[in-house]
Amino acid sequence: MIDLYFWTTPNGYKITIMCEEIGLPYNVIPINIRAGDQFKPEFLKISPNNKIPAIVDSDGPGGKPISIFESGAILMYLAEKTGKLMPSETRKRYDVIQWLMFQMASVGPMFGQANHFRRQAPEQIKYAIERYTNEMRRLYGVMDKRLGEVEYLAGDYSIADIATFPWTVRYDWHDISLDEFPNFKRWFKAIEARPAVVRGRAVMAEQAAQPPAYDPKAQEILFGKTQYQKR
Ligand SMILES: N[C@@H](CCC(=O)N[C@@H](CS)C(=O)NCC(=O)O)C(=O)O
């Protein structure tokens, strides 16, 4: 059984979608990052960077438990464990890995900063908003071009798509019209309709539907002194 340490964010939903896609049973353990659960010592043992998602697989390699943090590493582990959604042939495997890395190193961090400066920062800083909005728009363009050449980011549907899709779900926050990026739109609609994706996104959906604006305590926990305490 997989214990999934989860909150209702794009990185969290990568793993519920993956578990649904590969049909692996999982037990959701909520880590309320707005309340500071991510700093509890027992969670830091599993996820030393105080971030969700993390997993503990009681049936890890050699039948022994294994814990993993970083969503990209978790997706690779689950793909390898089940032989699904990441091919073993070297070229195809690296098609998946490079688009997975593209999500982990570019889409996630840049969209995250764009969301932060556009929606969460206590002041509206024009330079930061423009910088990250422009970069986000550039990345939508990179994906659109790629998806004009292949059906899914790495050719076939894979963990690269599962990593990327949840970050694009709120394209309405990004001043992006899907009609500007028709290949991306085709990809987005196909993934959105997958039954496993619908099930994965239903996990704690009530909580996820809460307004994105943070109360002052959550703002402090995520972006203030609590975040930067030495632990
Ligand atoms: N690179 C990490 C990023 C994880 C991440 O940023 N998690 C956020 C939620 S999406 C979090 O747990 N934030 C809590 C905190 O920073 O205290 C991954 O992909 O797993």
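**From strand β1 to the nonpolar core**

In this predicted model, strand β1 runs parallel to strand β2 (residues 26-30), and 5 bridges join the two. Within this pairing, L4 has V28 of β2 as its bridge partner. To get from β1 to β2 the chain passes through α1, and the resulting β-α-β crossover is right-handed. β1 is also joined to β3, here by 4 bridges, and these two strands run antiparallel. On that side, L4 stands opposite I55 in β3. β1 is mostly covered, with 4 of its 5 residues buried.

These strands belong to a protein that has 11 helices and 4 strands. Its C-alpha trace spans about 50 × 45 × 30 Å along the principal axes. How does the radius of gyration fit the length of the chain? For 231 residues a compact globule would have a value near 17 Å, and the protein has 18 Å, which agrees. Of the 231 residues, 31% count as buried. Among contacts with a separation of 6 or more, 65% are between residues 24 or more positions apart.

The buried part of the structure can be followed through its nonpolar core. In soluble globular proteins, nonpolar side chains tend to be buried together. Here the largest nonpolar core has 48 residues, and the members that touch the most others are M18, I55, L75, I159 and A160. Two or more residues come from each of β1 (2-6), α1 (10-22), β3 (54-57), α3 (71-82), α4 (90-120), α5 (126-147), α6 (159-168) and α7 (182-192). α4 gives the largest share of this core, 8 residues. The core draws at least three residues from domain 1 (2-84 + 199-228) and at least three from domain 2 (90-193). I55, which stands opposite L4, is thus met again as one of the core members with the most contacts to other members.

Helix α6 is another element to look at closely. Is this helix mostly covered or mostly open? α6 is mostly covered, as 10 of its 10 residues are buried. They include the core members I159 and A160, along with D161, T164, P166 and T168. The elements that cover the buried residues of α6 include α1, α3, α4 and α7. For A160 the partners can be named: leaving aside residues up to four places away in sequence, A160 touches V96, W99, L100, Q103, L153 and A154.

Methods. Residues numbered from 1 in each chain as written. Predicted model: local features only at pLDDT ≥ 70, side-chain atom pairs only at ≥ 80, totals over all residues. Rg over C-alpha atoms; globule rule 2.2 N^0.38 Å. Buried ≥ 20, exposed ≤ 12 C-beta atoms within 10 Å, placed from the backbone. Contact = placed C-beta atoms within 7 Å. Core = buried A, V, L, I, M, F, W, Y, C linked by C-beta atoms within 7 Å. Domains from an automatic or database assignment. Pairing = 2+ DSSP bridges. Right-handed = clockwise from strand over helix to strand, strands pointing away.
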